[in-house]
Amino acid sequence: MNQQKPSPTIDTVSAFNPEFRNHPDQILDQIRSAHPVLHDESVDAIILTRAKDVAQVLNDRNIDCDPRKSSPGSRLRQVHRVDENFRPSLLRMDDPDHKRVRDLVSKAFNQASVDALRPKVEQIASDLLDSLQGRSSFDLIETFAEPFPMAVIAELLQVDTDKREDFLQWSKAMNQLFNPRPTPEQLASLKWGSASFHAYLKQIVDQRREHRGADLISSLITAHEGENTLTEWEIISTCELLLFAGNVTTTDLIGNGMFALLQHPEQMEKLRVNPALLPGAIEEMLRYDSPVTHVARVARDSPGIDGCPFHAGQTIYSLVNGANHDPALHLDAHAFDIERENKRHYSFGGGAHFCLGAPLARAEAQIAFSLLLKRFPSISLKPGAEPVRKITPSFRGLESLWLTVPSTE
Ligand code: HEM
């Protein structure tokens, strides 16, 4: 009997599918060649894996972000827990609000603020690595990749030192933010993390209104364009977004990037011999194993792609690793090659919502890898401690990455 294989769905490419979590390339290749414009009717979604289609969708100003515009049964509404109280952060705003808020946030948070922060970022990374001195093995995620970006964001916002442990706990609790089906415990923890963080930020915003400093929150309060300023909600939700979007992603970039180097020792050696390759190596880490798995948009009625029309309310998922590994974009797309000439990737998204933190993420990753490679000239994976992938919807990273350091280091 001719048994037809069922079409892949949104669940095929979910963090909850262990096969996808562990071997995404194989599944993405199959979807890209057999179903380049895949329709999952159960959640009214289109799933894209070709680089050219992802570029088209991200750059189309007639495609929206706000989940309230998506169809009633959409996964996007579920993920964002859309109810009558839902208000989008910058990430999910559409114009004119998106342009107004993004322009104001960009005034406060830009390349110049990252450059000014750089010495402090170096200090934070260096202090964390000092604390590993003399250890024969350690979990890179727990000891460095997690606390490092968290401390950087805390520095950016000038959060009190005694609040930093709370910060880490709130942020971890919010890890399940994009989980469409959290367990009751996860939901409770998510609500606790978000409410605690929100209350704390509200208090700091009030204080900084009275006593402005050289921190990002004060800059967000001060930022104005003619009559335009940010509302209290916009300031708080932007800080919350920075904390969340800038944290787990940078942790995952460091973990995934180190794992890729360890699996490709010849690439690690090239980088050790020639540190000038580092900026290109970071772009390849981002391309090869993107910390963000997909970006979601909401369609309006349009001719769509390849004769497959989009209709209003449909969710369009652009699978980042699908586009990054598209053979039409990259030769030998599944190879990890830090000297790859074409550095194009979609790991920071694209178009109007292109990652605002990309300069900071790049600076953090460059500082982290430069110090890690210098401090540990012959690091390796700890035998018997297989790295485990996290189950975090929308993100792709490692739960732990145990490394061994030879006793002479
Ligand atoms: C947006 C990835 C680090 C702040 C985005 C988007 C992606 C992304 C894919 C676009 C989402 C969409 O279009 O729906 C990453 C990755 C990072 C990283 C892979 C690290 C490796 C950071 C950092 C910050 C940050 C460090 C700030 C501290 C933001 C903000 C947006 C954003 C504010 C929203 C921009 C908008 O909607 O206009 N990021 N990000 N990100 N990211 Fe990042």
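1. Cys355 sits in the loop that runs between helix H16 (320–324) and helix H17 (358–375). The model is a predicted one. Cys355 matters here as a ligand contact: through its SG atom, Cys355 is the single protein donor to the iron atom of the ligand, at 2.3 Å. Donors are counted within 2.8 Å of the metal, and water is not among the atoms, so the site may look incomplete.

2. Strands E1 and E2 form a hairpin with four residues between the strands. E1 covers residues 37–40 and E2 covers residues 45–48; the two pair in the antiparallel sense, and four bridges join them. One of the pairings puts Val37 opposite Leu48 of E2. Asp44, in this hairpin, has a positive phi near 50°.

3. Next, the second largest pocket. Its volume is about 340 Å³. The lining has 16 residues, and those nearest the centre of the pocket are Asn22, Pro24, Gln263, Arg389 and Arg396. By class, the lining of this pocket holds six nonpolar, four polar and six charged residues.

4. Which helices each supply at least two residues of the lining of the second largest pocket? They are helix H1 (18–22), helix H2 (24–34) and helix H13 (248–263). H13 gives the most to this lining, with four residues.

5. Turning to enclosed space, a search of the whole structure gives four cavities of 30 Å³ or more. The largest cavity has a volume of about 110 Å³. Its lining consists of Glu146, Met150, Leu168, Ser171, Lys172, Asn175, Asn247, Val248, Thr251 and Lys390. Two elements, helix H9 (164–173) and H13, give two or more residues to that lining. The largest share comes from H9, with three residues.

6. How do the residues that line the largest cavity divide into nonpolar, polar and charged? Three are nonpolar, four are polar and three are charged. For the second largest pocket, the corresponding division is six nonpolar, four polar and six charged.

7. One element deserves a second look. H13 supplies four residues to the lining of the second largest pocket, and H13 is also among the elements that give two or more residues to the lining of the largest cavity.

Definitions and conventions:
Residues numbered from 1 in each chain as written. Predicted model: local features only at pLDDT ≥ 70, side-chain atom pairs only at ≥ 80, totals over all residues. Heavy atoms only, no water. Donors = N, O, S within 2.8 Å, 3.2 Å for Na, K, Ca; no water. 1 Å grid on protein atoms, 1.4 Å probe; cavity = no way out; pocket = protein on both sides within 12 Å on 5 of 7 lines; lining within 4 Å. Points joined across faces, edges and corners; volume = space filled by probe spheres on them. Nonpolar A, V, L, I, M, F, W, Y, C, P; charged D, E, K, R; others polar. Pairing = 2+ DSSP bridges.
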